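New to this one? Here's a quick briefing to read alongside the sequence and the 3D view.

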Amino acid sequence: MKIYLLNILTLSLCALAFFQCDAPLRWYVIVGILLLHAFFLFFAVKNVQLKFFLPYINSTKGQGALLTFDDGPLEGDTLHVAETLTKHGVKGLFFLIGERVEQQPEIVHKLVSLGHAVGNHSHTHPKNFPMLSTQKVVADIEMCGTALAPLTKQSPIPFRVPYGLTNPRIGRAVKRLGLLTLGWNLRSFDTMKKGSEVSKKLKTRIGKNSIVLLHDHSDFSKNNLDEFLQWAGQHEIKFADPHAFIHSI
Ligand SMILES: [Zn+2]
């Protein structure tokens, strides 16, 4: 709906410029309006936080910090993260890729038995996810849901968009499936930075509303998570229970 309103606004402004301005000024104004339109759409596609194409949850609203881990299950990495969290009495939310779930269901089984929550992160996590048709996006998300269904009784299972890129087709797919879409408000960039840098950033930024974006296989998750959670315990950082949080939305 928002996209249609934006298109109508852009066309109205172009028409206004056409009838109110003399040539050649009118053409400069129209090109400027179209460039602004394209820039805004590009920004909206890259920034899911704008909630332009789909509803999006990006705060725990005071329930405590929520640690989320994307792209598992991965042999070794995912259970290391899960067991480290459990050691410190923290429950995480793992956004899993369906085809990896099918390959290693025992990891998901263990995650669930430890009390962690799981999310749908598409079936194949394709690089061209934003280019897929609505039908293909729906099918990909549904396949991940099918892979997860026999391994957990959790309901609802939230969805996180691969790569954090959105567009009208993904928006329509999410609406059609009635999904709860979960994002983040604290991006760690843990796949690009050293674990120690990520830890330092989290220590200064984490708070009671934080949804932290992390990955199972990052340097931080492998080497700094334990130390970070120890620090968090000493500083009485409150962590959200992902199950309670999901149910409260
Ligand atoms: Zn991902």
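First, a term we'll need: a nonpolar core is a set of buried Ala, Val, Leu, Ile, Met, Phe, Trp, Tyr and Cys residues joined through C-beta atoms within 7 Å. Keep in mind that what you're looking at is a predicted model.

**The overall picture**
- The chain has 249 residues, and 37% of them count as buried.
- You'll find ten helices and five strands along the chain.
- Measuring along the principal axes, the C-alpha atoms fill a box of roughly 70 × 40 × 30 Å.
- Take the contacts between residues at least 6 apart in sequence: 77% of them join residues at least 24 apart.

**The core**
- The largest nonpolar core is made up of 53 residues.
- Leu66, Leu96 and Val212 have the most contacts inside that core.
- Helix α6 (residues 134-148) gives the core its largest share, five residues.
- Setting aside neighbours within four places in sequence, Leu66 touches base with Thr60, Leu93, Ser210, Ile211, Val212, Ala240, Pro242 and Phe245, all counted as contacts.
- As a general backdrop, nonpolar side chains in soluble globular proteins tend to be buried together.

**Helix α8**
- Which residues of helix α8 (residues 195-205) are buried? They are Val198, Ser199 and Leu202.
- These three sit on the same side of α8, because they cover an arc of only 100° around the axis.
- That fits a general rule: an α-helix has 3.6 residues a turn, so residues three or four places apart point the same way.
- Among the elements covering the buried residues of α8 are β5 (211-215) and α9 (219-234).

Terms used: Residues numbered from 1 in each chain as written. Predicted model: local features only at pLDDT ≥ 70, side-chain atom pairs only at ≥ 80, totals over all residues. Buried ≥ 20, exposed ≤ 12 C-beta atoms within 10 Å, placed from the backbone. Helix = DSSP H or I, 4+ residues; strand = E, 2+ residues; numbered from the N terminus. Arc of directions from axis to C-beta. Contact = placed C-beta atoms within 7 Å.
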